[in-house]
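The following exercises concern the structure shown below. Each task is followed by a solution worked step by step.

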There are 2 protein chains.
Amino acid sequence: MNRRIVLASRPDGEPRPENFRIEEAPLPVPAEGEALVRNLYLSIDPYMRGRMMAVKSYARHVELGEVMVGQTVGEVIASRANGLAPGDKVLTSLGWQLYGTAKQAELFRVDPARAPLTYYLGALGMPGMTAWFGLREIGQPGPGETVVVSAASGAVGSVVGQLAKSMGCRAVGIAGGPEKCAWVREGLGFDACVDYRAGNLYEDLRAACPDGVHVHFENVGGVVLDTVLRLMNPFSRLVLCGLVSDYNATEPYGLKNIRAVLVNRIRMQGMIVFDWADRYGEALAGLAALHDAGRLKVRESIVDGLERAPEALIGLLRGRNFGKQLVRLA
Amino acid sequence: MNRRIVLASRPDGEPRPENFRIEEAPLPVPAEGEALVRNLYLSIDPYMRGRMMAVKSYARHVELGEVMVGQTVGEVIASRANGLAPGDKVLTSLGWQLYGTAKQAELFRVDPARAPLTYYLGALGMPGMTAWFGLREIGQPGPGETVVVSAASGAVGSVVGQLAKSMGCRAVGIAGGPEKCAWVREGLGFDACVDYRAGNLYEDLRAACPDGVHVHFENVGGVVLDTVLRLMNPFSRLVLCGLVSDYNATEPYGLKNIRAVLVNRIRMQGMIVFDWADRYGEALAGLAALHDAGRLKVRESIVDGLERAPEALIGLLRGRNFGKQLVRLA
């Protein structure tokens, strides 16, 4: 039997357990050209909150009763697809379920010898590629410039700062709480990390950025974004990647310091990693090389069992995760 | 005798007449390399509100007791500068006064045979160049794309829309009141103009932009910007040129729809025309050619007498001007 989690109702504000429903279903049977995959790990990501809402966005939302979307890594257990054999490890978009079938073009073989399987959902996966393209293509920091990233201990932010270091930049993180900040500095090698919960974000960030901010990579939004805007240099770049502080809000935060964009000629640009889909290979090669060199540290929060996926997402949106959030499915 | 207006006190909210003081002073005497200029017209521009405040910005603020900054066109009446002779008409930065001296490098000869002198403060001057570089370098509209501009009947906005038309775009203005909107459509040749005072900005703008918004040129900010953000297309560009609705505010507007920047991968960029100072000649040539071809219509609001400059600025910040605001000084 398959087990899967479907969207039971749309959240109003913070998602709650009753917005999800766990179901059993017969094991799916692969058609010609498809493979049957047993999912091993499910990735939990902030964008999932948006997909729970019936609003027009860059991607289709989840319908009520539909399986929740998400990436997994899994193992092929039966194959009617050329080039895929039982035992192959694959990256999938099968969502919140234990098993699924997919066409060959929707499954990407990953190499378990090169890195742990979970890394293909994190630092070597979509979050890592988000960091790669956002920082390099939009942020475009030069050597010696200061790069700030919010949610710095998270799946995207941790890669942004390590990439910035590899590019010769000063990397400054923003994270919630002293434990995360210590990890960002000592574990990930950022030059500084500021605890936004300590209540002095502007002063602390100013002290951490003596040359101002040349590139800001925003994952959080709200008061964090408003504060960083005050410290951005003339001609600085702002990568708008996430606004997780708003995702549960019924009323969005009102951004006060947009005038900084004008006065300092800031270039602010929104990004969705899918726009670089034809260049994922380039990012994977670059990130894997950094990993091989021991310069891409990873921290993961793993919970066990499909039934804990809802609480993992709820926790992620509260900032409770510490590193890449995953659900072990098998 | 010279007469001049100095900053008497800094405004709190809307500027008031008592923030300005009119003074008499001896006629200045040109030093070697300088010319004495009699100002004929003073340009009144929104940026002047910012200069009245003692805050760090892209340009130095006016000190208390200092002459208010501003561009003028004037006539050389005495010259100790090579290449400048009495009778020459020049563009200056002499500010709110009847006479002033300046070095040759600070005076730019203008050609009264090619266009009325006042145009060098408007469509062929800084506002026109702001439109030119902002639209072409940041907005980068392609033929058939929709360009929206706020404060569309103003000095910058009126040029933005006419440039957009010359580039084969659909030009849609936003202006205050039916009279301005009629002028924008019929006088300036925009495809549409929406009256933000009519109370249906979102619906009216949506109807005026059936293909969405590809480029938005923002002069106003606040609720206008928040509304246009909802209609911007994927990969659209937002030129952040002015936020006049905030300039008098003691508390800035809180922008709600920044999430549109992320979801639609909007590129928003602040601009200050000075950054293109080395390319003014290119803009002047392009704008003058458009003017010669009869495709650069101009409307001006002119008040008479230096003593009316404060009320002209106060009115401009309230949106009372209709076209380029000027003060005739002689």
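**Exercise 1. A helix and its surroundings**

How many residues does helix H3 of chain A have, and what distance does it reach from its first C-alpha to its last? Determine also which residues of H3(A) are buried.

*Solution.* The model is a predicted one.

Step 1. Helix H3 of chain A covers residues 155-166, which makes 12 residues. Its span from first to last C-alpha is 17 Å, close to the 16 Å expected at 1.5 Å a residue.

Step 2. A residue is buried if 20 or more other C-beta atoms lie within 10 Å of its own. The buried residues of H3(A) are Ala155(A), Val156(A), Gly157(A), Ser158(A), Val159(A), Val160(A), Gly161(A), Gln162(A), Leu163(A) and Ala164(A).

Step 3. Because 10 of its 12 residues are buried, H3(A) is largely enclosed by the rest of the structure. The elements that cover these buried residues include helices H2 (126-139) and H4 (178-187) of chain A, together with strands S8 (146-150), S9 (170-175), S11 (213-218) and S15 (324-328) of chain A.

Step 4. Just after H3(A), Gly168(A) takes a positive phi of about 85°.

**Exercise 2. A second helix and a strand**

Which residues of H2(A) are buried? State where Arg38(A) stands with respect to S6(A).

*Solution.*

Step 1. In H2(A), the buried residues are Met126(A), Pro127(A), Gly128(A), Met129(A), Thr130(A), Ala131(A), Trp132(A), Phe133(A), Gly134(A), Leu135(A), Ile138(A) and Gly139(A). With 12 of its 14 residues buried, H2(A) is therefore largely enclosed by the rest of the structure.

Step 2. Gln140(A) follows H2(A) and has a positive phi, near 45°.

Step 3. In strand S6 (residues 99-103) of chain A, 4 of the 5 residues are buried, so this strand is largely enclosed by the rest of the structure. S6(A) pairs with strand S3 (residues 34-43) of chain A in the antiparallel sense, over 5 bridges. Within this pairing, Arg38(A) stands opposite Tyr99(A) in S6(A).

**Exercise 3. The domains of chain A**

What distance separates the centres of domain 1 and domain 2 of chain A? Describe the contact between the two domains.

*Solution.*

Step 1. The domain assignment of chain A gives domain 1 as 2-122 + 299-328 and domain 2 as 126-274.

Step 2. Taken over C-alpha atoms, the centres of these domains are separated by 28 Å. Domain 1 of chain A brings 15 residues to the contact and domain 2 of chain A brings 16. On the side of domain 1 that touches domain 2, 4 residues are nonpolar, 6 polar and 5 charged.

**Exercise 4. The two copies**

By what turn and shift can chain B be laid on chain A? Describe also the contact between the chains.

*Solution.*

Step 1. A turn of 180° with a shift of 0.0 Å along the axis lays chain B on chain A with an RMSD of 0.0 Å. The two copies are thus related as by a two-fold rotation axis. The same surface serves both copies, for 100% of the contact residues of chain B recur in chain A.

Step 2. Of the residues of chain B, Gly254(B) comes closest to the rotation axis, its C-alpha lying at 1.9 Å.

Step 3. The contact takes 24 residues from chain B and 24 residues from chain A. Helix H8 (259-263) and strand S13 (267-270) of chain B each supply at least two residues of the side of chain B that touches chain A. By class, that side has 13 nonpolar, 5 polar and 6 charged residues.

**Exercise 5. Gln269(B) and its partners**

Is Gln269(B) buried or exposed? Which residues does Gln269(B) touch, not counting residues up to four places away in sequence?

*Solution.*

Step 1. Gln269(B) is found in strand S13 of chain B. With 23 other C-beta atoms within 10 Å, Gln269(B) is buried.

Step 2. With that sequence exclusion, Gln269(B) touches Arg265(A), Arg267(A), Ile138(B), Val239(B) and Leu240(B). Gln269(B) and Leu240(B) are 29 residues apart in sequence and 5.7 Å apart in space, C-alpha to C-alpha.

Step 3. S13(A) (residues 267-270) and S13(B) pair in the antiparallel sense over 3 bridges. Arg267(A) stands opposite Gln269(B) in S13(B).

Step 4. Arg265(A) lies in the loop between helix H8 (259-263) and S13 of chain A. Although not a glycine, Arg265(A) has a positive phi of about 50°. Arg265(A) is partly exposed, with 19 other C-beta atoms within 10 Å.

Conventions
Residues are numbered from 1 along each chain as its sequence is written. Chains are lettered from A and ligands numbered from 1 in the order in which they are written. This is a predicted model: local features need pLDDT of at least 70, side-chain atom pairs count only at pLDDT 80 or more; totals for chains, interfaces and linings use all residues. The expected span of a helix is 1.5 Å times one less than its number of residues. Two residues are in contact if their C-beta atoms, placed from the backbone, lie within 7 Å. Ala, Val, Leu, Ile, Met, Phe, Trp, Tyr, Cys and Pro count as nonpolar, Asp, Glu, Lys and Arg as charged, and the others, Gly among them, as polar. Two strands pair if DSSP finds at least two bridges between them. Copies are superposed by least squares on the C-alpha atoms of residues with pLDDT of at least 70 in both. Domain bounds come from an automatic or database domain assignment.
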